[in-house]
Amino acid sequence: MNTATSTKSDRTDTRSESMANVHLTANGIHKTFGEADAETSALRGIDIDIDRGDFVAIMGPSGSGKSTLLYCLSGMDPVTDGTVTLHDGDADSVEVTALRQRDLAELRLTRMGFVFQQVHLLRNLTILDNVVLPGFTASPDEREAVVARARELLELVGIGELADREITQASGGQLQRAAIARALINSPDLVFGDEPTGALNASMAAEIMDLLVQVNREGRTVVLVTHDVNVAARANRVVVLRDGEIDGDLRRDDSQTDDQWAESLAGWLTSHGT
Ligand SMILES: Nc1ncnc2c1ncn2[C@@H]1O[C@H](COP(=O)(O)OP(=O)(O)OP(=O)(O)O)[C@@H](O)[C@H]1O
Ligand SMILES: [Mg+2]
């Protein structure tokens, strides 16, 4: 197997290399829920650098902390300890974990897109209105442009003709496409997904992954949680969690074909009992 798997000490070495291409950094993240007897340590010291334009899948057993890590990386959930920093190329970096609620909300809205297992679209609005909504932070005279962009995005994700339909009149796969369009309305440079294909059958899941690969090829950094090795194999890097710690960090080798990468990933997961 020629998949690069780093140990904790390798990761430390990697971190001292150039930060030029790093998009998001987590340093010593701990996340604890509850208190005293009911305390759960969901994340126990996560260090990770995610490169700009990378496509990262987070895997691991149920309860290993995947969703918690995603929410901490995206600022949706506060960390108990540690820092998350968003790097902006030449501009100043932003410490996500130090932002006030209001600044954090703006950062999430303008720089990040989210896709979840359940689509969370508003049922009393049309598909188009749902996509447009997060784009309406722009000034009123830009609203027409936002609506035009929403229509374009719906075309892009293959459901342009459903724009004016009610949410209740679309299939799960179509709604997930709408959710991806909504996630892209503000042209985020980071897209997060928590099991975005978890509620879909295999062929719909593959179609949604085709879209997310396309989103990544446009230069957006994609980080998604999945249980599905076929979904994870579409990523370039797979981070495996176990009990709130990083158990494996596998990167696709440029020389690997899709099948070789998927096979080496499946082999690693099997040999680690994941
Ligand atoms: N809001 C919460 N309150 C208390 N404990 C929580 C909360 N959210 C998560 N946990 C606990 O933290 C740990 C990690 O949960 P998390 O949801 O991140 O796991 P996961 O890897 O995403 O699991 P799954 O694959 O089942 O979605 C679990 O033990 C879970 O019970
Ligand atoms: Mg989860």
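Two residues are in contact if their C-beta atoms, placed from the backbone, lie within 7 Å. The model is predicted: local features need pLDDT of at least 70, side-chain atom pairs count only at pLDDT 80 or more, and totals for chains, interfaces and linings use all residues. Residues are numbered from 1 along each chain as its sequence is written, while chains are lettered from A and ligands numbered from 1 in the order in which they are written.

**Exercise 1. Describe the overall build of the protein chain.**

Step 1. Take the secondary structure. The protein chain has nine helices and 11 strands. Helices (H or I, at least four residues) and strands (E, at least two) are DSSP runs, numbered from the N terminus.

Step 2. Take the extent. The C-alpha trace spans about 50 × 45 × 45 Å along its principal axes.

Step 3. Test the globule rule. The radius of gyration is taken over C-alpha atoms, and the rule is 2.2 Å times the number of residues to the power 0.38. For 274 residues a compact globule would come near 19 Å, and the protein chain agrees because its radius of gyration is 19 Å.

Step 4. Look at burial and contacts. A residue is buried if 20 or more other C-beta atoms lie within 10 Å of its own, exposed if 12 or fewer, and partly exposed in between; the C-beta atoms are placed from the backbone. By that count, 38% of the 274 residues are buried. Among contacts with a separation of 6 or more, 69% join residues 24 or more positions apart.

**Exercise 2. Work out the sheet that contains strand 5.**

Step 1. Set the order. Four strands form an open sheet, 3-2-5-6, with antiparallel pairing. Two strands pair if DSSP finds at least two bridges between them.

Step 2. Find the edges. Strand 3 and strand 6 each pair on one side only.

Step 3. Count the bridges. Strand 2 (residues 22–33) and strand 5 (residues 81–86) share five. Strand 5 and strand 6 (residues 94–95) share two.

Step 4. Name partners. His 30 is bridged to Asp 81 in strand 5. Towards strand 6, Thr 85 stands opposite Glu 95, and Leu 86 stands opposite Val 94.

Step 5. Check one site in strand 2, Gly 28. Gly 28 is partly exposed because it has 13 C-beta neighbours inside 10 Å. Leaving out residues up to four places away in sequence, Gly 28 touches Gly 45, Asp 47, Asp 81 and Gly 82. Ser 41 is 13 residues from Gly 28 in sequence, and their C-alpha atoms are 13 Å apart.

**Exercise 3. Identify the hubs of the largest nonpolar core.**

Step 1. Define the core. A nonpolar core is a set of buried Ala, Val, Leu, Ile, Met, Phe, Trp, Tyr and Cys residues joined through C-beta atoms within 7 Å.

Step 2. List the hubs. The largest core has 69 residues, and Ala 57, Ile 58, Val 131, Leu 154, Ala 181, Val 223 and Val 238 touch the most other members.

Step 3. Find the main contributor. Helix 6 (residues 172–184) gives the most to this core, seven residues.

Step 4. Follow one hub. Beyond its neighbours within four places in sequence, Ala 181 is in contact with Val 131, Ala 150, Leu 153, Leu 154 and Val 157.

**Exercise 4. Characterise the shell around ligand 1.**

Step 1. List the shell. Phe 33, Gly 34, Thr 40, Ala 42, Gly 60, Ser 62, Gly 63, Ser 64, Gly 65, Lys 66, Ser 67 and Thr 68 surround ligand 1. A residue is near a molecule if its C-beta atom, placed from the backbone, lies within 6 Å of it.

Step 2. Assign elements. Strand 3 (40–51) and helix 2 (66–73) are the elements that give two or more residues. Helix 2 gives the most, three.

Step 3. Sort by class. The shell has two nonpolar residues, nine polar and one charged. Here Ala, Val, Leu, Ile, Met, Phe, Trp, Tyr, Cys and Pro count as nonpolar, Asp, Glu, Lys and Arg as charged, and the others, Gly among them, as polar.

**Exercise 5. Compare the settings of three loop residues.**

Step 1. Take Glu 195, in the loop between strand 8 (190–194) and helix 7 (202–217). Its phi is near 50°, positive in a residue other than glycine. Glu 195 is buried because 20 other C-beta atoms lie within 10 Å.

Step 2. Take Asp 243, in the loop between strand 10 (237–242) and strand 11 (245–251). Its phi is near 45°, also a positive value in a residue other than glycine. Asp 243 is partly exposed because it has 14 other C-beta atoms within 10 Å.

Step 3. Take Gln 169, in the loop between helix 5 (143–156) and helix 6. Gln 169 is exposed because it has 10 other C-beta atoms within 10 Å. Its C-alpha atom and that of Gly 244 are separated by 40 Å, at 75 residues apart along the chain.
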